[in-house]
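Visitor: Please take a close look at the salt bridges in this model. I would like to know which side chains pair and how each partner sits with respect to the surface.

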Amino acid sequence: MASTLSQSFKPLHFAAALLACSVALQASAAHSYTDKLVAGETLQANEFLKPTDNNLVNLIMQGDGNLVLYRMSDSVPLWHTNSWGHPGAVTVMQGDGNLVVYGPNGTDVLFHTNTWNNPGSYLQLLSSGNLVVKSASNTVLWASNTSVQPPPIYSTPSYQPTFWNDGATIQRNNNCYNYANNKRTDTFAQPGRAHGVSGYAMTGPAVYNAAVADGLVPTTATGTSPEGKTKIALVVAPGVDYHWYRQDADGRWTHKPGQTRATNVDNSGVTISNPETANRGMYTLFVGYFFTPSDAVQGQGKADIR
């Protein structure tokens, strides 16, 4: 692991003045390889921290000088100090509360958490995979904001209209936006409402921006999602309404107009192969495409909409 990282991670250079009130490198207590590094302790080459209740993640001071947090299931680095290329570097939890990676000469500062002036602070590797510096009163002063959980897996649903066309609660309370995002909310979801965006005019840019506020990612007709997200399309009847289409697993497009039934045909009764050229009725303005974090299971999309 160390050799791969040392070729790809570049060192940062901090002036000594950035340490402000931090203390000089001192002799330290032996480290016991727990989940914590307390004041006066160091991590030297090949020493590490790991959570006390799992083996899912560890923090290791590599021989190349890089302090790296790894997810153990696949050896993926979740965070690092970008201090490779300095064999003999050491990580110090200083008495003033600052976590510092010093170069091999003991004076060059390669990384620090800027948490000085907090005596009694300590570094802790949480079982969640987050690396934090906590004060003596256990307040988090700095965090890597990492998680041991792998990235979510998205997938595209197939056309299964029976789920949406129940003639009752699901059909009546989930509209085109719900259907395109494959997210049952029973709230007749509106673009942007979950994130405080409402009252906008029925124009392409306004609805587009509301969708972006919900976390949808703009793309193109030929764009593909490396994460496996589903492509959806926005059209607008200017001044009147918006409408959404969804590209299903077979590449065809389907939709659910308002409280009516989900369908795979356009206003002419033709199967939809391209929402830009389909008969869309009054929705004359084609606005654009987006990626949504969907799921293969009907109604279980992961978009944050309401």
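Guide: In this predicted model, the count of salt bridges comes to 6. Side chains of opposite charge can pair when their charged atoms come close. The rule applied here asks for a side-chain nitrogen of Lys or Arg within 4 Å of a carboxyl oxygen of Asp or Glu. Three of the pairs can be taken one by one, among them D74 with R71.

In the pair of D74 and R71, the closest N and O atoms are 2.8 Å apart, so the pair falls within the 4 Å limit. R71 has a relative accessibility of 8% and counts as buried, because buried means under 20%. Its partner D74 has a relative accessible area of 38%, which makes D74 partly exposed.

E227 and K229 also meet through their side chains, at 3.5 Å from N to O. Here the acid, E227, is partly exposed at 46% relative accessibility. The upper bound of that class is 50%, so E227 at 46% is still not counted as exposed. K229, with a relative accessible area of 17%, is buried; the cut-off for that class is under 20%, which is why K229 qualifies.

The bridge between K36 and D35 has its closest N and O atoms 3.7 Å apart. D35 is the buried partner, with 9% relative accessibility. K36 is partly exposed, at 28%. In this pair the acid is therefore buried and the base partly exposed, whereas in the bridge of E227 with K229 the acid is partly exposed and the base buried.

As for the setting of these pairs, the protein chain has 306 residues, of which buried residues make up 46%. The chain holds 5 helices and 17 strands. Among its contacts with a separation of 6 or more, 51% are between residues 24 or more positions apart. The chain exposes about 13800 Å², and carbon and sulfur atoms supply 53% of that area.

A word on confidence: the chain averages a pLDDT of 90, and 89% of the residues score at least 70. Over residues 1–30 the pLDDT is below 50, although this stretch has 67 contacts in the model beyond near neighbours in sequence. Side-chain atom pairs are counted only at pLDDT 80 or more, so the bridges described above rest on residues that meet that limit.

Note on methods:
Residues are numbered from 1 along each chain as its sequence is written. Side-chain values use heavy atoms; hydrogens and water are left out. pLDDT is the predictor's confidence in each residue, from 0 to 100. Contact means heavy atoms within 4.5 Å. Helices (H or I, at least four residues) and strands (E, at least two) are DSSP runs, numbered from the N terminus. Buried means under 20% relative accessible area, exposed over 50%, partly exposed in between (1.4 Å probe, protein chains only). Accessible areas come from the Shrake-Rupley method with a 1.4 Å probe; for residues, only the protein chains shown count as cover.
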